[in-house]
Amino acid sequence: MINSVLAGFCIGVLSNIFWPTLPSVEVVLGCLLLAGLCSWRGLGLVTGVLLAICYFSVYMNAMFALNNSTQLRVMTPTVDKYSPITHRLSVVEDVEIKRVSVLSNGTLKLDATLERAGWLPAQSLRLYWRDAPAAVRAGQHWRVNVKLTPLTSVQNQGGFNRQRHWLSQHIIAKGNVQSGQRLGDANSIRDAILARLKPAIAVQSHHGLLAALMLGQQQDISASQWQQLRHTGMAHLVAISGLHLGVVAFWSAWLLLALGKRCYANEQGWPQRVALVLAMLVTLAYAWLSGMGLPAQRALVMLVIFVILSLLQRYSSPWERWLYALFVVLLIDPLASLSAGLWLSFVAVAAILMTVAQLPAIKPNVSRSQRLIAMVQGFWAVQWRLTLVLSGLQLFLFDGISVSSIVMNALMVPWFSLVVIPLGLLALVSLLVQWPLTSPWLGLLELTNVSLQPFVGLLQTSDLYSGWWPVPLAWQLPLLLAMLALLLAYLGRGFWRAATVVLLLPILALVPSSSPLWRVEVLDVGQGTAVAIVNHPRVMIYDSGAAFGDFSYAETEIIPWLQAQGLSLELLVISHKDNDHAGGAKALMKAYPQAQLVTNLAWPQAQPCHQASGRWHGVSLEYLWPPQAMTGNNGSCVLRLSIGKVRVLLSGDIEAQAEQSLVAAYGQDALRADVLVVPHHGSLTSSSADFIAAVEPKWVVYTAGFNNVYGFPKPEVFARYQAIGSAQYISGEQGQLSISLDDNQIAVRGFRQHSSPFWYNAVFGFGDSQDVQ
C-alpha cells in the first residue's frame, strides 16, 4: 500500500506538465476528500495521485505568496482586449546573490533569492543590472531598487521554453536593477574556499571545464563549447550530477573499506558500515562545495536512502530505492518535474536497472579473461539501451537526437569515471590540504587538466559523427514509436517479439506527408518582427527579429522553429535596417546560404525590394513601398501577398507620412488586405485613420513584446482598429500566431493559448491588482 501511494504521488506530481491550469481551492478540497475515500478503500495509487495534486497546488501558492505590499497573479491574455501592464518600481529589502554572469554588453545577469521562512518554498528573481558596481559577487546580500516585470518569455514551436525553465529554478519575476546597497559581503565557508581555489584553476588551459567539474562553476564554459556538449550528448559529464557523486562515493567507499579490512581484519559488520557513512559524508561535502545543484541533490537523496537501508539491514529492491528517491526529490521540490535534468537522470537510472536485471550473473569460477569479457558485454548492453532510451527522451525534450552520443559516451564515461573525476577529487583535496601555503603545489591539478585533453579533442571532432540532428515535430511521434518498437522487439521473446512489431506497424500511418495548406506564422521574437509565409516545405520570411551581442532571436527562435517544422528558407525579405527587424538576417543567411535576399540595404547579392515584385510558388508579391531606396522607418519595404483570395499586408515600421503617400498612390481599394501586420508595432506615429480606412483589415497583428518599455501597441491605436471591427492579436501576449489559410478561410491560433495551453506557459504578472486588468 505504501509503495502504491508513493508511486501515485510521483505520477501525480509529474503529470503537472500536462495541466492546463493550476487547480482552484475547490478542486484541492475535493481531491482531499476523494483521497480520504480512496485510502479507506485501499486504492493506494489513486490516493497518491490525488494527494500529489493537492500538494503541488499548495506548494505553488506558497511559492507565489509575497509580502503584504505586492502580490503575484496569473494572467491569461485575452484576444481583442488591450491589457496594459505597468512597470512597477519595488524595493526588495534583502536578496542573496546566488549566481552572477556577465552579458556581452557588460550587463550583469543575477539570480537572487528572496529571504523567507525556512519552511516556505524558495523564491528567486532574475535580475539585470547595467553599470553594476564591480563588487557584486555570489553569496552577498543586497538591498535593491528594481523594476519588476511579469514572468514571461517568447513562445514559439521548437523554441527553448525559458519560462518553464525559470519556474523550475523558482524564479517568480524578472527585473532591472536601478540601484542597490550592499548589506553584507560573502562570508560563507564555501565562498571562502571558492575564492581560494579559483585563481589556481583559472591559469589552466581547460579552466572552464575544471571549474565545472571541481567546483560546480559553469560560467567560464564558452557558448560554443556548451553547444558542442549539448549536440554530442555530453553535457552531463561537466555538470555535477549522479555520475560524479556516484564515482566519488564508490572510490571513497572502496578506499575506506580497503583501509578498514587492513586495520580491522578480524572485525565483521561495523567497519563496513562506518566506511559507508564516511563515504556518504565525503560525497556530501563534494556536493556542498559544488553548490548543491538539483542533479546533485537527486543523487544525494538516492545515496542517503541506500546507506540508510544498508545500515538498517532492510532488504529493498533497486526499484524501491529508485521510487523512494524520486518521491523524496519531488516532495522537497515538486517544481523539479519541470526540469529536463530530473527526467534525464531518473529515466537513465531506470534504464540501467532494467538492463542490469536482465544480465546473467558472472560465475565465480570463471577465468579472469572471461570475467573481463562478461563485464565488457554488460557495459555494452547498458550503453546501447541507455543511449536508445535517452535519445527518445532527448527527442521529446529538445526536438532532436545526438547521433554521436553513443560513441562519445562509450569512450568518455569510463574515462571520466576511472581517470578524470578521481584525479579531480585528489586535486581538490590536495589544494585544500595546502590551504595555508601561498604557493601551493599544482601537480595534481595540472594532471587533471591534461586528462581533459582527450575529451576536448573529441568534442572538437564531433562533426565526424554528424553531431546534432534536429527532428521536425511531425516526425517525432513516429520516431518515438519506432524506438519503442525496436526496444520491445528486442526484449520480447518468441511470439511476443513478432506480435510487438506487428502491433506497432500503424506508426507508418503517422508518417507526415507534405501539405499544400498555406500558413502565415507571426513568430514571437519579443519587441521585433519576424513573419513567415509557409507552404511546406518552403518558407519565406519577412524580417528577422533583433540581435544583441552574442544573442540573436534568429538563432534561438527562428532557426529552431524552421527545424521543428522541417522547413527550408527560400526567400528572406528585410524591410529596413533597424535592429528589431534586421538583427537576425546574418544568422539566417549563414544557416540558409541558398536563400534569396530582398532588401534595400546595401548588402551583397541582395535584390532591391522596389524592383522585386513577382510571384513565389503561386503567391503574388507586391512591393508597394518605397518607390526607391530610402532610409529610416518610412523607407521600410511594404509587401502585400495575395494567397488565393486572401491578401496579407506586411508594413514594416512605416509612419503616417509613408501611409499617406501609399493612400495617395494606390487609392482606397488597391490597399485592401484581410490580414495586416500593424505598422511600427502599434505606435502613435503610425496607423493613421486614412490608412486604416484604406486597408480595412479584418485581422490585425501587433509584433510587440509583452510589457515592452514603449507601451506598444498604444491604446489609441488599438481603439482605432477596434472601431472598424478588426480582430486584434499581440504576439507578445499570445505567443507565436498561426494564421491558416484553408479554402480562403482564415483561422488564427495563439501558441500560448491553443498550441501549448499549459499552466506554466501562462503569464505570471507581478504587481498590485490594479496593474492587472
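User: How many cavities of 30 Å³ or more does the count come to here?

Analyst: Good place to start! Rolling a probe the size of a water molecule over the atoms shows where empty space is left. In this predicted model, the count comes to 2 cavities of 30 Å³ or more. The largest cavity has a volume of about 60 Å³, and the second largest cavity has about 30 Å³.

User: Which residues line the largest cavity?

Analyst: Its lining consists of L213, M214, Y286, V420, I421, G424, L425 and T448. Helix 6 (207–215) and helix 14 (405–433) are the elements that give two or more residues to this lining, and helix 14 gives the most, with 4 residues. By character, the lining residues of the largest cavity divide into 6 nonpolar, 2 polar and no charged.

User: And how do the residues lining the second largest cavity divide?

Analyst: There the split is 4 nonpolar, 4 polar and no charged. The residues lining the second largest cavity are T529, Y542, H581, L650, S651, G652, V677 and V678.

User: Let's turn to strands. Which residues of strand 19 point one way, and which the other way?

Analyst: In a regular strand the side chains alternate between the two faces of the sheet. In strand 19, V638, R640 and S642 point one way, while L639, L641 and I643 point the other way. Strand 19 covers residues 638–643, and 6 of its 6 residues are buried.

User: Which strands pair with strand 19?

Analyst: Strand 18 (residues 619–625) runs antiparallel to strand 19, joined to it by 5 bridges, and E622 stands opposite R640. Strand 20 (residues 646–650) also pairs with strand 19 in the antiparallel sense, over 5 bridges. Here I643 stands opposite V646. The hairpin of strands 19 and 20 has 2 residues between the strands, and G644 takes a positive phi near 65°.

User: Now the aromatics. How many aromatic pairs does a search of the whole structure find?

Analyst: A pair of aromatic rings is described by the distance of the centres and the angle of the planes. The search finds 18 aromatic pairs. In one of them, W518 and W616 have ring centres 5.9 Å apart and planes at 65°, so the pair is edge-to-face. This pair links distant parts of the chain, with W518 in strand 9 and W616 in strand 17, 98 residues apart. Both W518 and W616 are buried.

User: Why is the pair of W759 and Y760 edge-to-face?

Analyst: Their planes stand at 80°, with the ring centres 5.6 Å apart, so the pair counts as edge-to-face. W759 and Y760 also belong to one aromatic cluster with W19, F56 and F758.

Technical notes
Residues are numbered from 1 along each chain as its sequence is written. This is a predicted model: local features need pLDDT of at least 70, side-chain atom pairs count only at pLDDT 80 or more; totals for chains, interfaces and linings use all residues. Side-chain values use heavy atoms; hydrogens and water are left out. Buried means under 20% relative accessible area, exposed over 50%, partly exposed in between (1.4 Å probe, protein chains only). Two strands pair if DSSP finds at least two bridges between them. Rings of Phe, Tyr and Trp (its six-membered ring) pair if their centres lie within 6.5 Å; planes under 30 degrees apart count as stacked, over 60 as edge-to-face and the rest as tilted. On a 1 Å grid over the protein atoms alone, a cavity is a set of points where a 1.4 Å probe fits but cannot get out, and a pocket is an open set with protein on both sides within 12 Å along at least five of seven lines; lining residues have an atom within 4 Å of a point. Grid points are joined across faces, edges and corners, and a volume is the space filled by probe spheres set on the points. Ala, Val, Leu, Ile, Met, Phe, Trp, Tyr, Cys and Pro count as nonpolar, Asp, Glu, Lys and Arg as charged, and the others, Gly among them, as polar.
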